[in-house]
Amino acid sequence: MAAEKKKMTVMNELAIQAAVVIYTGSSVCSKMASSHPGSIEIFGKTLNGLDRTGLFWMFMELVCLGTYAVLWQQIIKHFDLSIVYANRAFAIFWTFLWGIVLFHEKVKPLNLVGIVIVFIGILLVNQDAK
């Protein structure tokens, strides 16, 4: 007997978005790690690649991905997959937002058009489910 799927409420949508924000945090950590090239000496051997700060950001990326994996498994267990995966597309928006806020990336008109198209798709899927 299949488990009863929960209806989407504002709180449920926020829970899904919280998981997606954590997921996009891994991209932020990855970009931070890549901005700390260098070398580190471990047990008398020099390893080229990242310095200690870069390794910290790599570790934080793994923390984000591990946390997201646990949350995502709980989310897909309780909600309709078509709705959940459509809402996961918000990762494009969050990644775009982090790029602007944290890394001062430039906003291009085609980026905005793409995000609007994704939002329209999410709205259509969510409306169809109601």
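**How α3 fits in**

Me: At what angle do helix α2 and helix α3 pack?
Reply: This is a predicted model, so let's look at how two of its helices meet. Helix α2 covers residues 52-78 and helix α3 covers residues 81-88. Their axes sit 10 Å apart, and the packing angle is about 145°.

Me: Which residues of α3 make that contact?
Reply: From the α2 side come Y68, W72, I75 and I76. By class, the contact has seven nonpolar residues, no polar ones and one charged one. On the α3 side you'll find L81, V84, Y85 and R88.

Me: Which helix gives the largest share of the largest nonpolar core?
Reply: That core has 11 residues, among them I16, Y68, V84 and W94. Helices α1 (10-34), α2 and α4 (91-103) each supply at least two of its residues. The largest share is four residues, and it comes from α2.

Me: Which residues does V84 touch, leaving aside its neighbours within four places in sequence?
Reply: V84 is one of the core residues, and it is also among the buried residues of α3. With those neighbours set aside, its contacts are I16, W72, I75, I76 and F79.

Me: Where do the buried residues of α3 lie around the axis?
Reply: The buried ones are I83, V84, A86 and N87. They cover an arc of only 165° around the axis, so they lie on the same side of α3.

Me: Is Q17 buried or exposed?
Reply: Q17 lies in helix α1. Leaving aside neighbours within four places in sequence, Q17 is in contact with N87, F90 and W94. Its relative accessible area is 12%, and buried means under 20%, so Q17 is buried.

Terms used: Residues are numbered from 1 along each chain as its sequence is written. This is a predicted model: local features need pLDDT of at least 70, side-chain atom pairs count only at pLDDT 80 or more; totals for chains, interfaces and linings use all residues. Side-chain values use heavy atoms; hydrogens and water are left out. Axes are lines fitted to C-alpha atoms, for helices over the stretch in contact, and angles run from 0 to 180 degrees between N-to-C directions. Contact means heavy atoms within 4.5 Å. Ala, Val, Leu, Ile, Met, Phe, Trp, Tyr, Cys and Pro count as nonpolar, Asp, Glu, Lys and Arg as charged, and the others, Gly among them, as polar. A nonpolar core is a set of buried Ala, Val, Leu, Ile, Met, Phe, Trp, Tyr and Cys residues joined through side-chain atoms within 4.5 Å. Buried means under 20% relative accessible area, exposed over 50%, partly exposed in between (1.4 Å probe, protein chains only). The arc is that of the directions from the helix axis to the C-beta atoms.
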